[in-house]
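This report covers helix packing, the nonpolar core and a few residues worth checking by eye. Please keep the viewer open while reading.

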Amino acid sequence: MYQPIDSSGLRRLVSLELNRLHPRTREEAHRAMTGRMGAYDTDGMAIAAGIDAYFAERANAH
């Protein structure tokens, strides 16, 4: 059964997982999220946007 996931939902899932994992670098975050959610994000845009949002939020918190 195939159920498409919209980009905004996937982006939120990426942010949630990154907040749980606390990666130190963008490369570490990208490897983790590609391994976990890469099959759902065919063009990589949602994962990239989620990673950007995570690191922007992290920079603002410090």
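Does Ser15 count as buried or exposed? The model is predicted. In it, Ser15 has a relative accessibility of 18% and counts as buried, because the cut-off for that class is under 20%. Ser15 is found in helix H1. Setting aside residues up to four places away in sequence, Ser15 touches Gly50 and Ala53. Both partners also appear among the H3 residues that meet H1.

**H1 against H3**

Helix H1 spans residues 7-21. H1 packs on H3 at an angle of about 45°, and the two axes lie 8 Å apart. That angle makes H1 oblique to H3. The crossing is right-handed. On the H1 side, the contact uses Ser7, Leu10, Arg11, Val14, Ser15, Leu18 and Asn19. On the H3 side, Ala46, Ile47, Ala49, Gly50, Ile51, Ala53, Tyr54 and Glu57 take part. By class, this contact has nine nonpolar, four polar and two charged residues.

**H2 against H3**

Helix H2 covers residues 26-37, and H3 covers residues 45-61. Their axes come within 10 Å and cross at roughly 140°. H2 and H3 are therefore oblique to each other. H2 passes H3 in a right-handed crossing. H2 contributes Arg26, Ala29, His30, Met33, Thr34 and Met37 to the contact. H3 contributes Ile47, Ile51, Asp52 and Phe55. By class, the contact of H2 with H3 has six nonpolar, two polar and two charged residues.

**The nonpolar core**

Which residues make up the largest nonpolar core? There are eleven in all: Leu10, Val14, Leu18, Ala29, Met33, Met37, Ala46, Ile47, Ile51, Tyr54 and Phe55. H1, H2 and H3 are the elements that give two or more residues to this core. H3 supplies the largest share, with five residues.

Ile47 is one of the core residues. It is listed in the contact of H3 with H2, and Ile47 is also listed in the contact of H3 with H1. Leaving aside neighbours within four places in sequence, Ile47 is in contact with Val14, His30, Met33, Thr34, Met37, Gly38 and Asp41.

**Residues beside the core**

Four residues outside the core list can be set side by side.

| Residue | Helix | Relative accessible area | Class |
|---|---|---|---|
| Ser15 | H1 | 18% | buried |
| Glu17 | H1 | 15% | buried |
| Ala49 | H3 | 26% | partly exposed |
| Asn19 | H1 | 34% | partly exposed |

What does Glu17 touch, leaving aside its neighbours within four places in sequence? Glu17 is in contact with Met33, Arg36 and Met37. Met33 and Met37 belong to the largest nonpolar core. Glu17 itself is buried, with a relative accessible area of 15%.

Asn19 reaches H3 residues as well. Beyond its neighbours within four places in sequence, Asn19 is in contact with Tyr54 and Glu57. Asn19 and Tyr54 are 35 residues apart along the chain, yet their C-alpha atoms are separated by 7.5 Å.

Ala49 and Ser7 give another such pair. They are 42 residues apart in sequence and 9.4 Å apart in space, C-alpha to C-alpha. Ser7 and Ala49 are both listed in the contact of H1 with H3.

Conventions
Residues numbered from 1 in each chain as written. Predicted model: local features only at pLDDT ≥ 70, side-chain atom pairs only at ≥ 80, totals over all residues. Heavy atoms only, no water. Axes fitted to C-alpha atoms, helices over the stretch in contact; angles between N-to-C directions. Helix = DSSP H or I, 4+ residues; strand = E, 2+ residues; numbered from the N terminus. Parallel < 35°, antiparallel > 145°, perpendicular 65-115°, else oblique. Left-handed = near helix turned anticlockwise from the far one by under 90°. Contact = heavy atoms within 4.5 Å. Nonpolar A, V, L, I, M, F, W, Y, C, P; charged D, E, K, R; others polar. Core = buried A, V, L, I, M, F, W, Y, C linked by side-chain atoms within 4.5 Å. Buried < 20%, exposed > 50% of the residue type's maximum accessible area, 1.4 Å probe, protein only.
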